[in-house]
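Here are my comments on the model you sent, set out as numbered points. They begin with a single residue and then turn to the chain as a whole.

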Amino acid sequence: MSNSQAHTAEQCMKKYFFRASSLDFRVIPGNPIAYWINDQLRNIFNGASLSEHFQTRLGLSTANNDRFLRNWHEVNFAAILFDCPSRNRALESGITWFPYEKGGSFRKWFGNHDLLVNWRNDGEEVRNFGADEGKIRSHNYNLDFIFKEGITWSDVTSGTNAFRLMPEGFLFDGRGSSGFVRERQFTNRILGLLNSTVSTYAISVINPTIAVNVGEIAKLPFPSLDGDASAHVDKTVRMLTRVHRADWDSYETSWDFTSLPLLHSDYCLPKLKGSYQKLRAHWREMTLEMQRLEEENNRIFIDTYGLQEELTPEVPLNEITLTCNPHYRYGGDKSEEELESLLLADTLRELVSYAVGCMLGRYSLDKPGLILANQGETQADYLAQVPEPSFPVDDDNVIPVLDGDWFADDVTLRFRQFLRVAFGETHYEDNLAFIEQALNVKGKRNYGLRDYFLSEFYTDHVKRYKKRPIYWLFSSPKGSFNALIYMHRYRPDTVSVVLKYLRDYREKLVTEKERQASTSINPATSQGDKTRALKEADRLAKVLAELEDYERDVLYPLATEQKAIDLDDGVKVNYLKFGAALKKITGLDAKEED
């Protein structure tokens, strides 16, 4: 080995060689072999631990999530008790469903509020599940903490912390581990600490795996902040939580959703493009402000612990967990142009979804929040809440989704009507063109709104509602006939109404087939037109055959059964009752992970 090689080897050894006493590891909870950390970081574990102010707890394990959990939008809205302050109040209410924390996707500060648990009669059924059946039974941990305000997180992480405020009124799961602040004035300081880079680094020292356990969170150091720093953290975290909550509630998958931001008076302009641009500018500004606040939060804790040499306060845009932030929402290595295209398309898909909700009575342009959200409600129930709607609700809860304007209440025609009411007549054509262009993300030729409804709307709806759709699509085997219904307005005679639409549609197609056949043999018709007419007559004959089979084998027998549903059973049970009558949802029958 040459002198230069020896010198290089020596330098490498100095760079990667660490010297530490075994006594050094004892100050770190659990005594991990974290030989790479320096004295400054090691010293932060010498002070107070989080457990002195923060009680971390595991929650409920149902042993059968399919039976006891629901997405909130599946059940009667009146059967949910929000903001419940105590077990006694829950018991006295006689209510079945209560908000439930189960971790969820990477999101900080607020959100992931999707689920409910059956806690009727103080959870009698779930608490006793499996006790006398020789099955895996439920485990009911820490019931003294349910319904209390807390902080929650997913038990598996990708490496960056994501802690969220859990408001009063929730039960919590073992997968959505939670902690409870002993003194409420420390809530924002603890949430700020947990979502900081200091906490991320400290957790990696205690436990370098992807699991974030309640015991390890309790061992984190608790900082002593001076008055100014404490007040600054409190103000910063309060703003971060408020904005993330508003962002969560801006989408119809939140139970506190009221209306689309795109239709808010601050952004709604006669030209939809201008409305979107104004809203997008607000989202961009808000995202950058959240980034600034998160970095300020990091800086305070880094300075408090003297870790300026080990950590930096910077937070990448893809970790600003606002749904309106495309860097977080879509991630990956997409260009700015791709991200903007995706965000525009999704924002207009949300407009279309909201419009369908207005058609079916779930929402109204004239009143914020949910309108019809309980089983069997009707047009009369809607009109009792919205006596003079600017955009009328569908009277029979069946909206055809077809390849032409065969019915006055066809979904494409109804959406065009919605667009005129929501944004006015003056720029209607420009607004429609803006929507169609944005939805055509694949750049298909001659792509229009009807193409979206026929090929993509229901897929988007099923995805938006996590394979528990609230609008159900009756669909023939090849999709020649489609009709949407709203499950909360379903009645035993609803399939008969769908059947009537199918029969009316068949009659219209028979008339059209005869007209095309007549054209194909008319001597005054050009040869080219004759050929096209004959081809169309043949196509319609095949469609009619498909619809005849669908009626005879599927829809008519189902209509005679007059099936009842119970929303408490959830979409999985109720949707599958209708078999081949409804559009197949891949994976709907899969077992829910406990």
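1. Helices are here DSSP runs of H or I with at least four residues, numbered from the N terminus. On that basis Asp247 belongs to helix 10, which covers residues 227-248; please keep in mind throughout that the model is predicted.

2. Is Asp247 buried or exposed? With a relative accessible area of 4%, Asp247 is buried, because buried means a value under 20%.

3. The side chain of Asp247 has a polar partner in the backbone, since one of its polar atoms lies 2.8 Å from the backbone nitrogen of Thr323. Leaving aside residues up to four places away in sequence, Asp247 touches Thr323 together with Thr321, Leu322 and Cys324, and Arg107 is also on the list.

4. Turning to the protein chain, there are 21 helices and 13 strands, and the C-alpha trace spans about 100 × 65 × 55 Å along its principal axes. Among contacts with a separation of 6 or more, 69% come from residues 24 or more positions apart, and the contact of Asp247 with Arg107 may be read alongside that figure.

5. As for burial and surface, 52% of the 594 residues of the protein chain count as buried, and Asp247 is buried too. The accessible surface comes to about 27500 Å², with 49% of that area belonging to carbon and sulfur atoms.

6. Finally, the protein chain holds 73 positive and 86 negative charges, and the mean positions of these two sets are 3 Å apart.

Methods
Residues numbered from 1 in each chain as written. Predicted model: local features only at pLDDT ≥ 70, side-chain atom pairs only at ≥ 80, totals over all residues. Heavy atoms only, no water. Helix = DSSP H or I, 4+ residues; strand = E, 2+ residues; numbered from the N terminus. Buried < 20%, exposed > 50% of the residue type's maximum accessible area, 1.4 Å probe, protein only. Polar contact = N/O pair within 3.5 Å; in protein donor to acceptor, adjacent residues only side chain to side chain. Contact = heavy atoms within 4.5 Å. Areas by Shrake-Rupley, 256 points an atom, 1.4 Å probe, with all protein chains shown as cover. Lys, Arg positive; Asp, Glu negative; His and termini not counted. Charge placed at Lys NZ, Arg CZ, Asp CG, Glu CD.
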